[in-house]
Each structure stands twice: as structure tokens, then as C-alpha cells.
Amino acid sequence: MPETNPTTGLILTGGGARAAYQVGVLKAVAKIRRDAAPWQYGNPFPVITGTSAGAINAAALATHCDDFDGAVKAMAHVWENFRAEQVYRSDALGVIRTGARWLTMMSLGWVIARWRRARLRSLLDNSPLEQLLSEMVAVQRLPEVMRSGHLHALAITASSYSSGTHVTFYDALQEFAPWNRSQRVAVRSPITVQHLLASAAIPFVFPAVPLDFDGVTEYFGDGSMRQSAPISPAVHLGARRILVIGAGRMHEPPGRRKVSGAYPNFAQIAGHALSNIFLDALAVDVERLQRINNTLSLLPPEALANTSLRPIEVLVIAPSQRLDDLAAKHVNALPTSIRALLRGIGVSGKGSDTRGAALASYLLFEQAYTRELVALGWADTMARRDEVTGFFGWERRRERRGPVPDTDFQTTELE
């Protein structure tokens with residue numbers, strides 16, 4: 001028999017600038033709840049987990065979840081007014097000190113090797129992001145919101161370059177049995193800005209971050225790497241109903257996509273690799289969970305009672321459009337120095353030439369692009385409003401015609 005009031009979890013996946021889409025979805029969820037169940041209040045997601053840029057959104061939401069609508073509004077303000085310089089140094093000097101030297105090392109490594117003090121760590125310097133996180137994420141509020149009952153648990157994932165271990169750092173008031181699998185472990189720890197920087201350190205693009213792990217300092221990068229089971233942390237932390245917000249299409253439309261016959265450049269290969277890191281594991285994990293649910297549905301009650309497995313209801317909301325194609329329209333919004341750097345590895349921003357757009361889609365922290373993603377997240381979720389209300393069990397109030405004013409977010413029209 002299904003639980004009458006299951007704990008609801010939220011999973012926010014990785015994807016760099018693509019995570020703006022998640023904010024649009026959350027805006028729509030907040031709007032749907034106000035329309036369908038205005039008597040409902042509080043945080044609808046007692047368990048929140050995040051990876052990479054999704055970890056930043058997860059922590060920003062969790063630390064202010066005692067005012068869910070206000071937290072979403074504040075996140076939307078940041079994402080809808082983003083500038084690349086808030087995330088990484090985009091001035092000419094900053095790019096020369098990181099990206100230009102990094103590319104030079106690749107082509108003239110024998111020269112750089114003789115310069116022993118040159119320790120090139122990444123393509124871009126993301127030191128501005130730490131300042132943004134200190135303003136956007138009040139990690140010191142986590143114990144307070146958990147003690148007040150607004151949040152059960154927050155989990156952030158990162159991947160250790162030092163040991164190869166994929167680690168879920170989680171904070172919770174309740175004791176949970178740590179879950180350890182091959183090269184995948186869970187560690188109870190207060191969540192800090194450093195954990196967020198580590199989880200969001202896109203490989204090669206941003207530098208690794210040192211974290212204490214089992215009494216030893218290890219260097220961590222993006223949590224999407226080696227993340228074979230992105231849904232698992234939410235389940236282990238008690239969620240029995242989970243909303244997953246992706247940062248890329250779960251399924252491609254039928255038919256063969258038009259491609260160029262030219263040899264792929266560095267940016268195309270890098271973009272393909274990042275898409276594999278950020279997108280593929282989620283689709284596989286959702287399919288695995290659906291198979292388990294189908295199997296459990298075939299078991300008689302007595303057999304189900306003898307297993308620790310329980311059905312997990314999952315709703316996945318992911319972009320209905322290719323974000324690579326959206327990014328291609330906005331490459332020229334990037335600062336001149338960043339455009340020049342990306343052109344050097346094959347990202348084009350001219351006309352219909354979309355080579356390297358996948359790579360750009362992760363780095364386009366510019367409002368022209370992020371606002372379009374927020375709007376897409378809103379539209380995709382509102383188009384599935386009945387699924388959302390059914391998932392949460394919110395009764396839909398009597399429909400009415402005409403626009404509904406909404407001063408907090410935006411005006412929309414009920415269907």
C-alpha cells in the first residue's frame with residue numbers, strides 16, 4: 001500500500017550555466033502550489049540533494065527553505081541577472097593567467113615544463129564564485145532550519161581526484177546509516193562553501209578544491225564525475241517520492257540529427273565529454289529505478305514485506321529543447337576575452353555554425369542565456385501542471401479564465 005504522506009526529495013543535477021533551467025522549474029512549482037493548494041505552506045522538499053551547479057542551487061534553497069517561495073525568488077534574481085564575471089575571471093589579465101597559459105602548455109609544453117613555478121590548474125579562474133556563494137548561500141543557517149523541522153537533510157556530491165572516490169557529503173539531524181558502495185561513499189559533514197566549490201569544479205575548466213576526507217586532505221572536482229547513481233543519496237536519506245530536475249534532454253527526438261562531415265574540433269570533443277559526465281548517468285538511473293518499481297509491483301504483499309526495497313515515485317522534469325542550440329544563439333554575449341579563448345579551441349559564434357556550442361552551454365553565465373533557460377524551465381513545468389499536482393497530491397482549485405496576477409514571479413494564464 002502506498003504511503004499516505006511520503007517524504008519528498010528534490011534532486012538537482014549538474015550542468016554549469018544550464019542549472020538556470022532548474023530555477024525556472026522551481027518557480028513554476030511554487031506557482032502551481034499557490035494556485036492549486038494555497039493552504040499549503042513550508043518547504044515541499046524535506047530532502048534536498050545536488051551535484052555541481054545543482055549543488056549550489058540545492059544549498060541556496062535548503063538554507064532558506066523556511067521561506068520556500070522567497071528562496072526561489074532570490075535564486076531567480078541571481079540567475080536572471082547573471083554575468084560571467086560573477087563566476088570566473090573574464091578580464092584579459094585573468095584569462096591570460098589561466099586559459100591562455102593552459103593552451104600554451106598544451107602546444108608548447110616543453111617550454112612550460114622548464115618554468116618550474118608554473119602550476120597551471122585550470123582553463124578558468126573561478127575565484128569570483130566563492131564571493132558569490134558567500135552572498136547567495138547562508139550555510140550557517142542549515143542547523144537552524146533543520147532544528148525547526150523545515151529540512152531533514154541536505155546532500156552534496158563531489159569526486160576525489162586524489163583517491164578516485166565519489167563522495168556524498170550530507171548534513172542531517174537524524175542518524176542515517178552511511179551507504180558505501182564500490183568507489184562511492186557517504187560522509188556526514190557540515191556543508192560549507194568549499195564543498196559547493198568542489199562539487200561545481202567542472203573538470204579542466206575550474207580548479208580542484210581541497211577537502212578533508214576521513215582525516216586526510218584530498219582534492220575534489222565536479223560531483224557529476226563517476227556519479228553512477230544520482231538518485232541514490234535522496235533515497236538513502238529517506239525520500240520516498242522524488243522530483244528530479246535535469247539539465248539536458250532525457251530523450252532525443254526521433255530521426256537523425258543533421259551533422260557536419262568535418263573532423264570534430266577540441267571544443268566539440270570537450271562538449272561531448274561533459275555531456276556524458278553531466279547527463280547520461282541520470283537517464284540510466286531513472287530507467288533502473290523504473291525497472292525496480294515494475295518488479296516490486298509484481299510481488300505479492302507477503303513477498304514485498306520480506307524485502308527492504310520499496311517503490312519510489314519519481315517525476316523527472318528536463319528541458320524540452322536542446323540547450324546546445326539555445327547556447328549557440330548566445331555565445332556572443334560572453335565577454336570578449338572569453339570568446340577569444342573559446343574560439344581558440346573551436347567554439348564558433350557565427351551564424352549557423354554551432355560547433356562547440358555544447359561546451360559553451362556550460363560556461364554561458366550571461367543573462368541573455370540564463371533568462372531563456374529559466375523561461376524554458378517555467379514553460380516545461382507549467383505544461384505538465386496536472387502531473388505536478390498529482391505528484392504532490394495537491395488538489396487543483398476551481399479553474400478560472402483570464403490572467404492570474406502574480407507579483408512575486410510572473411503573470412501566467414491558467415489553462
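**Figure 1. Leucine 211 of strand E6 is bridged to glutamate 218 in strand E7.** In this predicted model, E6 spans residues 209-213 and E7 spans residues 216-222. The two strands run antiparallel and are joined by five bridges. Two residues lie between the strands of this hairpin, in which aspartate 214 adopts a positive phi near 60°.

**Figure 2. Strand E6 has one covered and one uncovered face.** In a regular strand, side chains alternate between the two faces of the sheet. The covered face of E6 carries Val209, Leu211 and Phe213, whereas Pro210 and Asp212 belong to the uncovered face. Leu211, on the covered face, is the residue whose bridge partner in E7 is glutamate 218.

**Figure 3. Helices H2 and H6 come within 10 Å of each other, axis to axis.** Helix H2 comprises residues 53-62 and helix H6 residues 127-136. Their axes cross at roughly 25°; because angles under 35 degrees count as roughly parallel, H2 and H6 are roughly parallel to each other. H2 contributes Ile56, Asn57 and Ala60 to the contact, and H6 contributes Leu129, Leu133 and Met136. Classified by residue type, this contact of H2 with H6 contains five nonpolar residues, one polar residue and no charged residues.

**Figure 4. Helices H2 and H3 form a right-handed crossing.** The axes of H2 and helix H3 (residues 68-79) come within 9 Å and cross at roughly 140°, an angle that makes H2 oblique to H3. On the H2 side, Asn57, Ala60 and Leu61 take part in the contact; on the H3 side, the participants are Phe68, Ala71, Val72, Met75 and Trp79. The contact of H2 with H3 comprises seven nonpolar residues, one polar residue and no charged residues. Asn57 and Ala60 of H2 meet H3 in this view and also belong to the contact of H2 with H6.

**Figure 5. Leucine 274 is a buried residue of helix H10.** Helix H10 covers residues 266-297. Leucine 274 has a relative accessibility of 6% and therefore counts as buried, the cut-off being under 20%. Leaving aside neighbours within four places in sequence, leucine 274 is in contact with Ile202, Pro203, Leu359 and Tyr362. Serine 224 lies 50 residues from leucine 274 in sequence, and the C-alpha atoms of these two residues are 9.3 Å apart in space.

Terms used. Residues numbered from 1 in each chain as written. Predicted model: local features only at pLDDT ≥ 70, side-chain atom pairs only at ≥ 80, totals over all residues. Heavy atoms only, no water. Buried < 20%, exposed > 50% of the residue type's maximum accessible area, 1.4 Å probe, protein only. Helix = DSSP H or I, 4+ residues; strand = E, 2+ residues; numbered from the N terminus. Pairing = 2+ DSSP bridges. Axes fitted to C-alpha atoms, helices over the stretch in contact; angles between N-to-C directions. Parallel < 35°, antiparallel > 145°, perpendicular 65-115°, else oblique. Contact = heavy atoms within 4.5 Å. Nonpolar A, V, L, I, M, F, W, Y, C, P; charged D, E, K, R; others polar. Left-handed = near helix turned anticlockwise from the far one by under 90°.
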